[in-house]
Amino acid sequence: MNLTVDEKAAKWFKTEVGIREGAGIRIKAKIYGGSPVREGFGLAIDPIEPLSPVVSFKADNGVLFFIEDNDEWFFDGHDLLITLSDTLNEPHYIYSKDGVAIN
């Protein structure tokens, strides 16, 4: 499992989400959502300090993005790329497995 955040999305998170010193952006599972990898579950974010990250990505602007070990089940081996939607001006989450994007 890999986690990647493009430059535009990292900038959006730094500007739009309050991140205190030492904290990062936790990407986690939430119930009652939608995703192409888990029916009934989606993604949520939480600006918090990492405890036991299974994967992390540090953007050029210094923002740390991470997934904790207790959320690894949600991804089921899928990679996650976070981009910024130019039309909606909000994060867009792209899952892939074995190099194939899943919508």
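Biologist: Which side chain makes a polar contact of 3.2 Å with the side chain of R26?
Modeller: The model is predicted: local features need pLDDT of at least 70, side-chain atom pairs count only at pLDDT 80 or more, and totals for chains, interfaces and linings use all residues. Numbering runs from 1 along each chain as its sequence is written, and side-chain values use heavy atoms, leaving out hydrogens and water. A polar contact is a pair of N or O atoms within 3.5 Å; within protein, one must be able to donate a hydrogen and the other to accept it, and residues adjacent in sequence count only if both atoms are side-chain atoms. At 3.2 Å, the partner of R26 is the side chain of N70.

Biologist: What distance joins the side chains of R26 and D71?
Modeller: R26 also touches D71, not counting neighbours within four places in sequence; contact means heavy atoms within 4.5 Å. Between the side chains of R26 and D71 there is a polar contact, and its length is 2.6 Å.

Biologist: Is R26 buried or exposed?
Modeller: R26 sits in strand β2, residues 24-31; strands (E, at least two residues) and helices (H or I, at least four) are DSSP runs, numbered from the N terminus. Buried means under 20% relative accessible area, exposed over 50%, and partly exposed in between, with a 1.4 Å probe and protein chains only. R26 has a relative accessible area of 16%, so R26 is buried.

Biologist: In which strand is I45, a contact of R26?
Modeller: Leaving aside residues up to four places away in sequence, I45 touches F13, V17, I25, R26, I27 and Y93. I45 counts as partly exposed, at 31% relative accessibility. Its place is in strand β3.

Biologist: How far apart in space are I45 and L84, C-alpha to C-alpha?
Modeller: In sequence, I45 and L84 are 39 residues apart. In space, C-alpha to C-alpha, the separation of I45 and L84 is 15 Å.

Biologist: How many salt bridges are there?
Modeller: Side chains of opposite charge can pair when their charged atoms come close. The rule here asks for a side-chain nitrogen of Lys or Arg within 4 Å of a carboxyl oxygen of Asp or Glu. By this rule the number of salt bridges is five.

Biologist: How many residues apart in sequence are the parts that K8 and D86 tie together?
Modeller: K8 and D86 form a salt bridge of 3.4 Å, N to O. K8 is in helix α1 (residues 7-16) and D86 is in the loop between β6 (79-85) and β7 (90-97), so the parts tied together have a sequence separation of 78 residues.

Biologist: Which of the two words fits D86, buried or exposed?
Modeller: Its partner K8 is partly exposed, with a relative accessible area of 47%. D86 has 61% relative accessibility, so D86 counts as exposed.

Biologist: Which residue forms a salt bridge with E49?
Modeller: E49 is partly exposed, at 30% relative accessibility. The closest N and O atoms of the pair are 3.1 Å apart, and the partner of E49 is R20.

Biologist: In which strand is K97, the partner of D76?
Modeller: D76 and K97 form a salt bridge, with their closest N and O atoms 3.8 Å apart. The pair links distant parts of the chain, 21 residues apart: D76 is in the loop between α2 (72-75) and β6, and K97 is in strand β7.

Biologist: Which element gives the most residues to the largest nonpolar core?
Modeller: A nonpolar core is a set of buried Ala, Val, Leu, Ile, Met, Phe, Trp, Tyr and Cys residues joined through side-chain atoms within 4.5 Å. The largest has 23 residues, and those with the most contacts inside it are I27, F65, F75, L80 and I82. Elements giving two or more residues to this core are β1 (3-5), α1, β2, β5 (64-68), α2 and β6. Four residues come from the element that gives the most, α1.

Biologist: What pattern does the protein chain follow along the sequence?
Modeller: The secondary structure comes to two helices and eight strands. Read along the sequence, their pattern is β-α-β-β-β-β-α-β-β-β.

Biologist: What share of the residues in the protein chain is buried?
Modeller: The chain has 103 residues. The buried share of these is 36%.
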